[in-house]
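Me: Could you take a close look at the place where the ligand sits? I would like to know what surrounds it and what the pocket there is made of.

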Amino acid sequence: MERTLSIIKPDGVARGLAGEVIKRLEQNNFKIAAMKMLRMTKSQAKGFYAVHRKRPFFESLTDFMASGSIIVMILEGENALGRYRELMGATDYREAAEGTIRKDFATDIEKNIVHGSDGPETAAFEIGYFFNSFEITG
Ligand code: GDP
């Protein structure tokens, strides 16, 4: 069993795609172990994406992530990390495989609907960034 952090980004929530994303998670046998809606401050967005602080798109990405409500979830399941990355599709929607969330809905490399942890250490950091133990129903 693995855990990964999933975010429906501000564009996904604003465009009314939350239900569609959650439906795909349920259809693909992910267990949602925790979920909440919130809006990050710019400084919280910078902390979340600290690994990207030297990238040219850091300012724009963190502005975007703080621009509206997001839905944060902990997904649980066998190979949850890899399976959720597969369901999301490549970062750049133009390179994403058919049938993935980003291929089906994204229109921009930055505003790409969803986030998913890229490895076990990142997942542990990201889960701890948003949730305490009382919020994880397991
Ligand atoms: P992910 O793990 O697939 O989300 O991709 P990364 O960790 O490489 O990048 C984090 C997020 O930064 C992506 O999901 C995009 O929202 C954004 N991003 C990545 N590459 C670019 C880029 O070249 N330009 C811009 N504006 N945003 C980017």
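Reply: Happy to; here is the ligand site, from the contacts outwards to the pocket.

This is a predicted model, in which local features need pLDDT of at least 70 and side-chain atom pairs count only at pLDDT 80 or more, while totals for chains, interfaces and linings use all residues. Residues are numbered from 1 along each chain as its sequence is written, and side-chain values use heavy atoms, with hydrogens and water left out.

Around the ligand (a heavy atom within 4 Å) are Lys-9, Tyr-49, His-52, Phe-57, Leu-61, Arg-85, Thr-91, Arg-102, Ile-109, Glu-110 and Asn-112. This shell holds four nonpolar, three polar and four charged residues; Ala, Val, Leu, Ile, Met, Phe, Trp, Tyr, Cys and Pro count as nonpolar, Asp, Glu, Lys and Arg as charged, and the others, Gly among them, as polar.

Several of these residues make polar contacts (N or O pairs within 3.5 Å). The side chain of Thr-91 places a polar atom 2.6 Å from a ligand oxygen, and for Glu-110 a polar backbone atom is 2.7 Å from a ligand oxygen. His-52 has a side-chain N or O atom 3.0 Å from an oxygen of the ligand. Of the 550 Å² of accessible area that the ligand has on its own, the protein covers 80% (Shrake-Rupley method, 1.4 Å probe).

The ligand takes up the space of the largest pocket (more than half of its atoms within 2 Å of the grid points). A pocket here is an open set of points on a 1 Å grid over the protein atoms alone, where a 1.4 Å probe fits, with protein on both sides within 12 Å along at least five of seven lines; lining residues have an atom within 4 Å of a point. The pocket has about 550 Å³ of space, a volume filled by probe spheres set on the points, which are joined across faces, edges and corners. Its lining has 22 residues, with Tyr-49, His-52, Leu-61, Thr-91 and His-115 nearest the centre.

Definitions and conventions. Polar contact = N/O pair within 3.5 Å; in protein donor to acceptor, adjacent residues only side chain to side chain.
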